[in-house]
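The exercises below are meant to be worked through with the sequence and the structure side by side. Each begins with a task and continues with a solution in steps.

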Amino acid sequence: MADEFPACAESLPQPLPDERIACTSVRDLWLAILEDTGNPHAGVDFGIRRRPSALHVVGHLVMNCATLAEAAEVGIRYQSLVNEAGRFSLASERQYTRLLYEVPPVPVEPQQVEAGLAGIVTAARWVTGPGWAPGSVSFAHPCGGDPGHYAEVFGCPVLFERPRYEIVVPTADAHRRWNPTDPALTALHRRHADALLAQLRRQESAANRAKAILQTSDLRGIRAQDVAALLQISERTLRRALSDENTSWRELLDAVRHERTRELLSTTSWTLERIAHEAGMSGAASFVRAFTRWEGVSPGAYRREA
């Protein structure tokens, strides 16, 4: 199973807290792996290979958690130190606790999501020991391989084409003390993780963080609430932060559309209609008006000069 996973997967980036890899770059690598191997189970086979070092300080924090609920809190709190590919949340009920996953508003391969959820179950076993399994795992996409293989990896029923992505754990399991812990070591790791989180937030203004997401996103239909979700803040907080930085969501999206269309005019022979569509604009006429406002010349004139 894991030992049979192709060696090229080892080239998947393991980002440092201040060197996260853009979602689109990770997707490109997954596409290359899938084309090279033809393995429909590449995602889960990679996810079960995850080691604590892949998550840096977050991995060490998870290993020193006493309960699965504590490990989930650590993962959600410090997720941005590892990546911003989607968003996790926890829903606790009397009988079951659900770890929910929302995919990012950028194209992702099913195997990327499968790798993420398999990695979560693997990390849970750092706390519980290797024999533990969740109650069930659900994916919103169709099954792309052998259902039996997924059941073997997760050790539980695996459901496809469900309303949401989730890992369901009996609440008794979530709050059971599985692991002897070292409080002093946990405090040390948390201080380090909190310092990295504070540093990350100081380094990047809301406008720069939102713009970085827009630059690697499909601009067709993207909304402020989509970007806010990736930043793990509310849409209202994002808009207020942008206002404090003397800009707005509309201005930010306008600037990225400007960059995208200028690049496409310079590097492709696409029609104006296609470029407008790629930039998330309503049509060629609105694109011409906007581009003329941005550059002082028409798209045709800009392309000839470029």
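A residue counts as buried when its relative accessible area is under 20%, and as exposed when that value is over 50%. The model is a predicted one, and residues are numbered from 1 along the chain.

**Exercise 1. Overall description**

Task: describe the protein chain by its secondary structure, its extent, its burial and its contacts.

Solution. Begin with the secondary structure, which for the protein chain comes to 16 helices and five strands. Next take the extent: along the principal axes, the C-alpha atoms fill a box of roughly 65 × 45 × 35 Å. Then turn to burial, where 46% of the 306 residues count as buried, while the surface that the chain exposes is about 15,300 Å², with 50% of it supplied by carbon and sulfur atoms. Finally, consider the contacts with a separation of 6 or more, of which 66% are accounted for by residues 24 or more positions apart.

**Exercise 2. The sheet**

Task: work out the order of the five strands in the open sheet, and find which of them are the edge strands.

Solution. The order of the open sheet is β1-β2-β5-β3-β4, and its pairing is mixed. The edge strands are β1 (87–92) and β4 (158–159), each of which pairs on one side only.

Now follow the pairings one at a time. β1 and β2 run antiparallel and are joined by six bridges; they form a hairpin with three residues between them, and within this pairing Leu90 has Leu99 of β2 as its bridge partner. β2 pairs in turn with β5, again in the antiparallel sense and over six bridges. Two positions illustrate this register: Tyr96 stands opposite Pro170 in β5, and the bridge partner of Thr97 in β5 is Val169. Strand β3 (residues 136–138) also runs antiparallel to β5, to which three bridges join it, with Ser136 opposite Val168.

As a last step, ask how far β2 and β5 are covered. Five of the seven residues of β2 are buried, which leaves this strand mostly covered. In β5, five of the six residues are buried, so the strand is largely enclosed by the rest of the structure.

**Exercise 3. Aromatic pairs**

Task: classify the ring pairs Tyr101–Tyr165 and Phe287–Phe291, and place each in the secondary structure.

Solution. Rings are paired when their centres lie within 6.5 Å, and planes over 60 degrees apart count as edge-to-face. By this rule the model holds ten aromatic pairs. One of them is formed by Tyr101 and Tyr165, whose centres are 6.2 Å apart and whose planes are at 70 degrees, an edge-to-face arrangement. Tyr101 belongs to strand β2 (residues 96–102) and Tyr165 to strand β5 (residues 165–170), so this pair ties together parts that lie 64 residues apart in sequence. Both Tyr101 and Tyr165 are buried.

For Phe287 and Phe291, the ring centres are 5.8 Å apart and the planes stand at 70 degrees, so this pair is edge-to-face as well. Both residues lie in helix α15 (residues 284–295), where they are four residues apart, about one turn of the helix, and both are buried.

To finish, look for a wider grouping: Tyr101 and Tyr165 belong to one aromatic cluster together with Phe88, Phe139, Tyr150, Phe154 and Phe160.

**Exercise 4. Charges over rings**

Task: find which ring face Arg176 lies over, and which ring face Arg274 lies over.

Solution. Arg176 lies over the face of Trp178, at 3.9 Å from the ring centre. Arg274 lies over the face of Trp270, at 3.7 Å from the ring centre.

**Exercise 5. Helix α6**

Task: compare the span of helix α6 with the expected span, and then decide whether Gln111 is buried or exposed.

Solution. Helix α6 (residues 110–128) has 19 residues and reaches 27 Å from its first C-alpha to its last, which is close to the 27 Å expected at 1.5 Å a residue. Of these 19 residues, 16 are buried, so the helix is largely enclosed by the rest of the structure. After α6 comes Gly129, whose phi is positive, near 105 degrees.

Within this helix lies Gln111, whose relative accessible area is 13%, so Gln111 is buried. Apart from its neighbours within four places in sequence, Gln111 is in contact with Trp30, Leu34, Pro40 and Gly43.

Key: Predicted model: local features only at pLDDT ≥ 70, side-chain atom pairs only at ≥ 80, totals over all residues. Heavy atoms only, no water. Expected span 1.5 Å × (residues − 1). Buried < 20%, exposed > 50% of the residue type's maximum accessible area, 1.4 Å probe, protein only. Phe/Tyr/Trp six-rings, centres within 6.5 Å; stacked < 30°, edge-to-face > 60°. Lys NZ or Arg CZ within 6 Å of the ring centre and 35° of its normal. Contact = heavy atoms within 4.5 Å. Areas by Shrake-Rupley, 256 points an atom, 1.4 Å probe, with all protein chains shown as cover. Pairing = 2+ DSSP bridges.
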